[in-house]
Amino acid sequence: QSYNTFERNSTWYISGPMEMIRTLALQLLSSGITKDQMRFEENYPYFPYERELILPTSDENSEKNIYKLALDDALTHTVITDINGRVLYANNATSQITGFTNSEILGSTPRLWGGLMDKTYYAEMWRMIKNDRLPFVGKVKNRKKSGEQYIAEVIIVPILESNGDLVGFYASEKNITEVERISKAKTEFVSFVSHQLRTPLSS
């Protein structure tokens, strides 16, 4: 049906699978319905095409705006994904650290910059966050768009509805390559000195 038959000032409440939401949102946009007239369920808080947070009002001081601003400018690489790991939101630090653009990151999975660990590592990670629904903390080896590898400390937290249903994941990563390098150098130095002290002095 043509959407011209509906009131232009009406509000559209959209709920359902993400792909259906994307298709319907695009159809509404093409028919003249604006983004501000659309409301999405809490499971999908991001506008399907412009990838912007859907806010209940345009008030720049609203609580949700404050949270989004805090995430956008955080120094830690932060993403929010659906239950299959597809990125729905990525803050500015994600692009700065990985080298991938926001458009390349959104809709992809963290394998875009990761996937370098052993399969058993990821199997255990998914068991904890998806099956047991527990936070996961660990270290991973990643690769920037340039090909440069780095080490990151990662924290992944399941996002649960009030009824316990899993709806996605919050993940943050911190580049600790330099910290790991210094730690390794200290360990090697102590090992070397200990070995030298145990070796008898020659004449």
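This tour moves through a predicted model, from the whole chain to its sheet, two individual residues and a pocket.

**The whole chain**

Begin with the entire protein chain displayed as a cartoon. The chain holds 6 helices and 7 strands. Followed from the N terminus, these elements run β-α-β-α-β-β-α-α-α-β-β-β-α. If the view is then coloured by accessibility, buried residues make up 32% of the 203 residues. Among the contacts with a separation of 6 or more, 41% join residues that are 24 or more positions apart.

**The sheet**

Next, select strands S3, S4, S5, S6 and S7. Together they form an open sheet of 5 strands in the order S4-S3-S7-S6-S5, and the pairing is antiparallel. At the edges of this sheet are S4 and S5 (136-143), each of which pairs on one side only. Neighbouring strands of the sheet are turned by 30° against each other on average, with direction ignored.

Now add helix H5, residues 119-131, to the selection. H5 packs on the sheet and touches S5, S6 (149-160) and S7 (166-175). The direction of H5 makes about 140° with that of S5.

**The hairpin of S3 and S4**

Move along the sheet to residues 77-81, which are strand S3, and residues 87-90, which are strand S4. These two strands pair in the antiparallel sense over 3 bridges. Two positions in S3 are worth selecting by name. Val 79 has Ala 90 of S4 as its bridge partner, and Ile 80 stands opposite Tyr 89, also in S4. Between the strands of this hairpin are 5 residues, and Gly 85 takes a positive phi near 90°.

**Asp 72**

Keep Tyr 89 in view and select Asp 72, which belongs to helix H2, residues 63-72. Is Asp 72 buried or exposed? Asp 72 has a relative accessible area of 14%, and because this is under the 20% cut-off, the residue counts as buried. Show side chains here: that of Asp 72 makes a polar contact with that of Tyr 89, at 2.5 Å. Leaving aside neighbours within four places in sequence, Asp 72 is in contact with Tyr 89, Asn 91 and Asn 92.

**Leu 134**

Return to H5 and follow the chain into the loop between H5 and S5, where Leu 134 lies. Leu 134 has a relative accessibility of 42%; this value falls between the limits of 20% and 50%, so the residue counts as partly exposed. Which residues does Leu 134 contact, once its neighbours within four places in sequence are left aside? The residues are Met 128, Ile 129, Ile 156 and Pro 158. To examine one of these, select Ile 156: it is 22 residues from Leu 134 along the chain, and the C-alpha atoms of the two are separated by 8.7 Å.

**The second largest pocket**

Ile 156 also leads to the last stop. The second largest pocket has a volume of about 400 Å³. Its lining consists of 22 residues, and those nearest its centre are Pro 110, Arg 111, Met 125, Trp 126 and Ile 156. Select these five residues to locate the pocket. Then colour the lining by element: S3, H5, S5, S6 and S7 each supply at least two residues. Which element gives the most to this lining? H5 does, with 4 residues.

Note on methods: Residues numbered from 1 in each chain as written. Predicted model: local features only at pLDDT ≥ 70, side-chain atom pairs only at ≥ 80, totals over all residues. Heavy atoms only, no water. Pairing = 2+ DSSP bridges. Axes fitted to C-alpha atoms, helices over the stretch in contact; angles between N-to-C directions. Contact = heavy atoms within 4.5 Å. Buried < 20%, exposed > 50% of the residue type's maximum accessible area, 1.4 Å probe, protein only. Polar contact = N/O pair within 3.5 Å; in protein donor to acceptor, adjacent residues only side chain to side chain. 1 Å grid on protein atoms, 1.4 Å probe; cavity = no way out; pocket = protein on both sides within 12 Å on 5 of 7 lines; lining within 4 Å. Points joined across faces, edges and corners; volume = space filled by probe spheres on them.
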